[in-house]
Structure formats: structure tokens, C-alpha cells
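I sat down with this one today to jot a few things down. These are my notes, in the order I looked things up.

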Amino acid sequence: MRMRTLTLAAASGAALLAAGVLPASASGATPRSAQEGSVSAADLLAKVKSCSQISSGKYKTDDETSATIPVCGKNGAVFWKADMDIDCDGQRTTNCNEDRDPWYQDDTAFHQSDGKPLKAESLPYIVVPSSSSIWNYSSAGIKGGGVVAVIYNNKVEYAVVGDTGPTKIIGEASYATAKALGIDPDPATGGADSGVTYILFKNSKVSPIESHSAAVSLGDQLAKQFLADN
């Protein structure tokens, strides 16, 4: 949850970053592939080429940009195509804290099963705009812990809806999401200027929210259904 102005650093070196990120529950494990599940990025992107706008207006990607990003509707999902700012909020970790992130907040809108905030450094999650006259995510069937397919550079990463952000800005995900997709996860200078697609599956919920393996399993099922229904 943050209000900020951020001009992203050039991302020319982002593709050189390691694409793997450790699962939330397995520090020290072998990094996993950024392509998760059995549904390809190309197949998912083929279903979101056109937009049937469901938001009343459009969003900015940053405070200083124009509002050009609509929320689009499909059978069983909503989606948008935007940038990726880095959310490092939640529990303090080595790379997500006040020293590393000028906008750091020690809480997230949605919490783990034990009541603690999420861990941005290890849990792939995305940020949805707080409800407003532009769009109300809850009314669209999107809830905390809902499954999201995040697509960048022909890679698919499954994440959960983990935090809420400004009412007029869209395009933000956790440190772990960025790292898994080969995007510079630095909360102050990283991110991607464009090219990120977020597909949020309606009425889905991962339990517990902090289980990334559960998000991948459910996400793969929902992605297959999404292809069949659209």
C-alpha cells in the first residue's frame, strides 16, 4: 500500500537478471523456472489481444503519466496491460525494509493465515488499485488471495492478489514476482516500464494465501479453463 511518484530506471539490463526466485517456504532450494504451470505465455496472451473495458475510466502507471490503462473483462477473468512498479511492503526482510525501500510500509492489505503481513521478498503477489469510481475490484469478483497470471517476456508467473494501492494508479507487484520474471526487483530503481500483462481470475482464492505452490496449482487449472472459455 503506497502513494508514490516513481520514474522507473531503464530496464535494459533486466533481462540479464536471474529468472529464478526461491519458493516462499524453501530458502536455499534450487531456483525454479519462471515459466510456471503447463499453459504458455503465448496462449494466454492470444486471449487478451482485445479489450472489452469494464472500468469506468482509465488508470495511470505512475503519478506523472497520463491515464491510459483500462481494466478489461473476459469470461472468468479481468486483465490489464501496464508497467511493473515494485512493492516491497509487508514483513521486513533482507531486501524489503526501510533502508532498501524509500516507500516501505510494514503491512499489506491482505494477511497470511497466521495474521501477519505478507512477505514481498519471497511471495509473488500483485497490487490492485483501491476501490474507487474508476473500478471496484471486489465487485468484479476479485478478492485478496485471488490467483493472477503475470506475463512478461514470454514467461508466466502465478501470483496472488496481496495488496491494494492508490486509486488512480495500476501496475505493481511484489519483489518476488519481479525477480521470478527477470525484472530488476530493486524497490527504489527497478521495475519494468511496460510490457507486463496481469490476468486476474474471478472468484478464485488460494488457501493459505502464502502458499505459492497452491497458487501455481490453482493458477494452472484456471488458466486452462480460461483458454477453454475464451
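I went to the loop between strand 4 (147–152) and strand 5 (155–165), where I found Asn154. This is a predicted model, so I'm reading computed values throughout. Phi of Asn154 comes out near 65°, which is positive in a residue that isn't glycine. I also checked burial: Asn154 has a relative accessible area of 58%, so I put it down as exposed, the cut-off being over 50%.

Next I looked at the loop between strand 7 and helix 3, where Asn203 sits. Asn203 isn't a glycine either, yet its phi is positive, at about 55°. With a relative accessible area of 59%, Asn203 is exposed.

Pro208 lies in the loop between strand 7 (192–201) and helix 3 (212–229) too. I looked up omega for the peptide bond from Ser207 to Pro208: it is near -5°, and the bond is cis.

Then I turned to Ser55, in the loop between helix 1 (41–46) and strand 1 (72–74). Buried or exposed? Ser55 has a relative accessible area of 6%, so it counts as buried. Its side chain reaches the backbone nitrogen of Val71 at 3.1 Å. Beyond its neighbours within four places in sequence, Ser55 touches Pro70, Val71, Ile134 and Trp135.

Last, cavities. I got two of 30 Å³ or more, and the largest holds about 60 Å³ of space. Its lining includes Asp85, Pro166 and Glu172. Strand 3 (residues 125–129) gives the most to that lining, with three residues. By type, I noted six nonpolar, two polar and two charged lining residues.

Note on methods
Residues numbered from 1 in each chain as written. Predicted model: local features only at pLDDT ≥ 70, side-chain atom pairs only at ≥ 80, totals over all residues. Heavy atoms only, no water. 1 Å grid on protein atoms, 1.4 Å probe; cavity = no way out; pocket = protein on both sides within 12 Å on 5 of 7 lines; lining within 4 Å. Points joined across faces, edges and corners; volume = space filled by probe spheres on them. Helix = DSSP H or I, 4+ residues; strand = E, 2+ residues; numbered from the N terminus. Nonpolar A, V, L, I, M, F, W, Y, C, P; charged D, E, K, R; others polar. Buried < 20%, exposed > 50% of the residue type's maximum accessible area, 1.4 Å probe, protein only. Polar contact = N/O pair within 3.5 Å; in protein donor to acceptor, adjacent residues only side chain to side chain. Contact = heavy atoms within 4.5 Å.
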